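Take a look at the model shown here. The walk-through below goes from strand order to packing, then to local backbone geometry, and ends at the contact between chains.

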Amino acid sequence: MEVKTASFEKVEKKAMTVSGAEAVIKCLLEEGVETIYGYPGGAIMPVYDELFKYQDKIHHVLTRHEQGATHAAQGYARVSGKVGVAVATSGPGATNLVTGIADAMIDSTPMVCITGQVGSNLLGSDAFQETDIVGISTPITKWNYQITKAEEIPEIIAKAFYIARSGRPGPVLVDITKDAQFASLDFTYKKCSGIRSYKPYPEVNLLEVERAAGVINNAKKPLIVFGQGVILGGAEDLLKKVVEKAGIPSAWTILGLSALPTDHPLNVGMVGMHGNYAPNLLTNECDVLIAIGMRFDDRVTGNLEHYAKQAKIIHFEIDPAEVNKNVHTDYPVLGNVKETLNSLLDLLKENQHTEWHDRFKELYKEEYKKVVSLNLDVSKPDIHMAEVIQQINEFSKGDAVIVSDVGQHQMKACRYGKFNQTRSNVTSGGLGTMGFALPAAMGAKMAVPEREVVAVIGDGGYQMTIQELGTIFQTKIPVKIVVLNNGFLGMVRQWQQLFFDKRYASTEMINPDFVTIAKGYHLKTNKVTERSELKAAVKEMMESKEAYFLEVKVEQEENVFPMIPTGAAVSDILLE
Amino acid sequence: MEKKNYTVSIYTENNLGLLSRIAAIFLRRHINIESITASPSEVNDVMRFIIVVNVTEDQIKKIVGQIEKQIEVIRAFYHTQEETIFQETALYKIKSQSFLDDHSIQDFIKETNARIVTVTTEFFVIEKTGKRKEVDELYDTLKPYGLMQFVRSGTIAVTKNEMPISGILEKFNTTNSIS
């Protein structure tokens with residue numbers, strides 16, 4: 001009898017014992033991860049070996065570069081609201097993640113990056129493919145940690161996911177030495193539900209909400225500027241209710257786009273350097289500026305000395321360090337916007353502000369005449385970028401996810417894109433990372449396979465991660481790719497034209513035949529050079545069940561207006 | 001806004017890598033750290049960093065906000081010098097011969113509340129704890145006697161007001177259970 005018991009215990013124990021590498025996979029499964037993006041290499045091979053065993057449970061997407069893995073994980077996270085996961089080996093594999101991690105940090109994207117590391121006995125010896133990725137990633141991660149013992153793996157990965165997705169989300173990096181991946185541990189998993197020193201959400205102070213409500217109720221010319229915090233906090237419906245009840249014109253930052261439908265009557269457009277005329281100009285006329293889940297980025301505020309000085313500033317914010325960081329706040333309201341807006345809603349009086357809203361309409365008419373009508377002008381021979389976005393809207397009916405890269409086309413995609421649903425605009429905001437869109441669109445499409453995902457990319461950024469066409473081909477992700485080709489690094493060229501006497505230093509691009517390249521990756525392709533071909537080409541692309549590459553030759557030296565010149569006030573916005 | 005010395009007190013978990021995260025916050029803003037010490041605090045398993053910097057109040061408020069954002073930082077405070085009781089410790093190594101030749105130096109050590117830590121045939125080691133000014137004055141006095149080595153610690157400080165870390169920790173534990 002004793003022998004049997006001992007034998008039973010032994011079997012039980014054996015069943016619980018796994019390698020560190022297998023523990024990593026089990027942790028991911030415990031966190032509900034279904035898709036990960038990565039690239040194998042020597043120091044992460046034990047994890048990849050286990051992934052092979054678990055390939056029916058976790059879909060690993062082999063990107064063609066580790067940067068592509070992080071951007072794909074970001075796209076997945078931004079659209080799904082889940083934590084994106086990227087995996088890489090040590091050394092160059094890890095350092096190739098850096099751009100995506102920095103991008104995720106500044107845009108508050110939940111992401112867990114797992115990197116392999118040389119054996120713990122080799123740490124600090126300049127071993128083959130050893131880099132101090134924990135040191136390198138310290139300023140660009142919400143948290144990071146190096147695991148040197150297998151038994152640390154469950155607790156640290158649980159903590160990584162908790163930190164990445166809670167509060168103000170962000171990227172976390174976990175570096176695991178090769179010996180920790182090989183070593184055995186008794187695996188048990190407990191999800192992290194709290195860390196002693198970490199308070200993800202400030203407690204809501206109802207007095208702060210009441211004060212803010214009082215100021216809003218007495219405002220004559222209030223203006224809301226909302227950012228991505230609304231989306232991250234899942235407060236889109238509450239924002240809409242607040243906007244409608246108080247009748248307040250509402251503008252968005254680039255990452256706030258799609259939190260409120262673009263055709264909502266109180267949606268007055270984008271703020272910032274290339275935002276809409278009315279919300280920028282009237283920022284310096286409003287009596288109360290209500291910032292919701294946004295961080296007063298310098299591209300939004302222009303010159304701080306002349307930013308909304310006449311207004312009382314109310315700031316709804318989850319991160320206490322953001323309050324008063326750039327703009328002095330009269331009425332801070334700390335907390336998750338889902339809680340604070342919910343409390344605010346009951347305290348708001350119904351209002352219309354009709355005259356004030358008419359001011360936005362008048363100014364939009366002016367913007368339409370001097371900018372929008374020209375951007376959509378079909379009498380000129382060359383195709384405008386905005387026309388292409390309009391055609392995408394036509395066929396998507398505002399239900400597509402648009403993933404834009406960085407540059408002129410990004411501003412056009414955001415200004416002219418139509419969005420009915422939240423989490424539909426994916427772009428690199430704070431870091432402005434060229435090369436973001438192609439891999440991010442792959443991740444986005446995998447997060448919402450039932451929705452149309454269109455990547456809008458310039459010819460410059462496209463070539464920074466063009467190799468991910470290989471990933472699209474291999475995985476058959478039916479993402480739509482539109483390259484707006486003007487043969488220039490357009491935004492830099494625009495600045496050279498306006499501020500550097502048209503000296504186009506290194507901004508002209510002699511491009512390859514993009515269609516031939518896409519064909520080389522066995523994608524469906526098309527190229528449009530004439531306006532008459534555009535509508536049919538976009539229709540064919542949107543109706544394709546497969547991945548599709550569309551190149552559109554657009555006007556070479558088109559500029560993006562309105563524009564707030566660097567160092568100018570938001571109200572000095574130029575229409576031409 | 002006027003720059004002055006602020007003492008930043010940071011209570012943290014005792015975890016690897018945190019020093020680098022905290023130092024990076026100052027580095028990124030081009031702020032030179034005047035002195036830094038790290039030691040266990042009055043709370044079990046909680047470390048305390050004391051960092052002295054010369055900045056404006058606006059800068060120090062923002063820096064403390066960024067420090068508190070770090071996952072393993074429990075709480076950070078900033079104080080002016082008037083709000084703290086602060087000390088530094090210095091060690092002075094002097095040739096034994098100089099010391100024996102001039103008896104006035106012994107009187108000076110007594111007057112300044114310094115103490116002799118070690119005596120060998122080659123050298124004496126003297127320790128002085130006090131304000132920066134006092135430590136510097138002793139340095140100036142001992143230098144002519146042949147100062148072989150000198151080292152000064154970072155500032156250590158306690159505040160005149162209470163720092164309710166235990167209470168803050170309890171609050172963390174009860175408000176953190178959001179999964």
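The paragraphs that follow describe a predicted model, beginning with the sheets of chain A.

One sheet of chain A is open and has six strands, in the order β3-β2-β4-β5-β7-β6, with parallel pairing. The edges of this sheet are β3 (59-62) and β6 of chain A; each has a single partner strand, so one side of each lacks a neighbour in the sheet. From one strand to the next the twist averages 20°. Inside this order, β2 (residues 35-38) and β4 (residues 84-88) of chain A pair in the parallel sense over two bridges. A residue pair that illustrates this register is A:Tyr37 with its bridge partner A:Ala86, which belongs to β4(A).

Chain A also contains an open sheet of six strands with the order β11-β10-β9-β12-β13-β14, and its pairing is parallel. Here β11 (267-270) and β14 (331-334) of chain A take the edge positions, and because each has a single partner strand, one side of each is left without a neighbour in the sheet. Ignoring direction, neighbouring strands of this sheet are turned by 20° against each other on average. Strands β9 (residues 222-226) and β12 (residues 288-292) of chain A run parallel and are joined by five bridges. Within that pairing, A:Leu223 has A:Leu289 of β12(A) as its bridge partner.

Which strands does helix α10 (residues 206-217) of chain A touch as it packs on the sheet? Helix α10 of chain A touches β12, β13 (312-317) and β14 of chain A, and its direction makes about 135° with that of β14(A). Helix α15 (residues 337-347) of chain A packs on the sheet as well, touching β12, β13 and β14 of chain A. The direction of α15 of chain A makes about 130° with that of β13(A).

Two points of backbone geometry in chain A deserve a look. A:Ala308 is not a glycine, yet it has a positive phi of about 50°. This residue, A:Ala308, sits in the loop between α14 (298-301) and β13 of chain A, and β13 of chain A is also one of the strands touched by α15. Elsewhere, A:Phe561 and A:Pro562 are joined by a cis peptide bond with omega of about 0°. A:Pro562 is located in the segment after β20 (548-553) of chain A.

The remaining topic is the interface of the two chains. There, 23 residues of chain A are in contact with 24 residues of chain B. Between them, chain A and chain B bury about 2100 Å², of which 51% is on carbon and sulfur atoms. On the chain A side, the residues that lose the most area to chain B are A:Thr138, A:Arg196 and A:Ser197, together 34% of what that side buries.

How many salt bridges does the rule find across the interface of chain A and chain B? The rule finds three salt bridges there. One salt bridge is between A:Arg196 and B:Glu13, whose closest N and O atoms are 2.8 Å apart; A:Arg196 is thus listed both here and among the residues of chain A that lose the most area to chain B. Across the interface there are also eight residue pairs in polar contact. On the side of chain A that touches chain B, the elements giving two or more residues are β6 (143-147) and α8 (153-165) of chain A. Of these, α8(A) gives the most, with three residues. By class, this side of chain A has eight nonpolar, seven polar and eight charged residues. The strand β6 of chain A therefore appears twice in this account, as an edge of its sheet and as a contributor to the side that touches chain B.

Conventions. Residues are numbered from 1 along each chain as its sequence is written. Chains are lettered from A and ligands numbered from 1 in the order in which they are written. This is a predicted model: local features need pLDDT of at least 70, side-chain atom pairs count only at pLDDT 80 or more; totals for chains, interfaces and linings use all residues. Side-chain values use heavy atoms; hydrogens and water are left out. Contact means heavy atoms within 4.5 Å. Buried area is the accessible area (1.4 Å probe) that two parts lose on being put together, summed over both. A salt bridge is a side-chain nitrogen of Lys or Arg within 4 Å of a carboxyl oxygen of Asp or Glu. A polar contact is a pair of N or O atoms within 3.5 Å; within protein, one must be able to donate a hydrogen and the other to accept it, and residues adjacent in sequence count only if both atoms are side-chain atoms. Helices (H or I, at least four residues) and strands (E, at least two) are DSSP runs, numbered from the N terminus. Ala, Val, Leu, Ile, Met, Phe, Trp, Tyr, Cys and Pro count as nonpolar, Asp, Glu, Lys and Arg as charged, and the others, Gly among them, as polar. Two strands pair if DSSP finds at least two bridges between them. Axes are lines fitted to C-alpha atoms, for helices over the stretch in contact, and angles run from 0 to 180 degrees between N-to-C directions.
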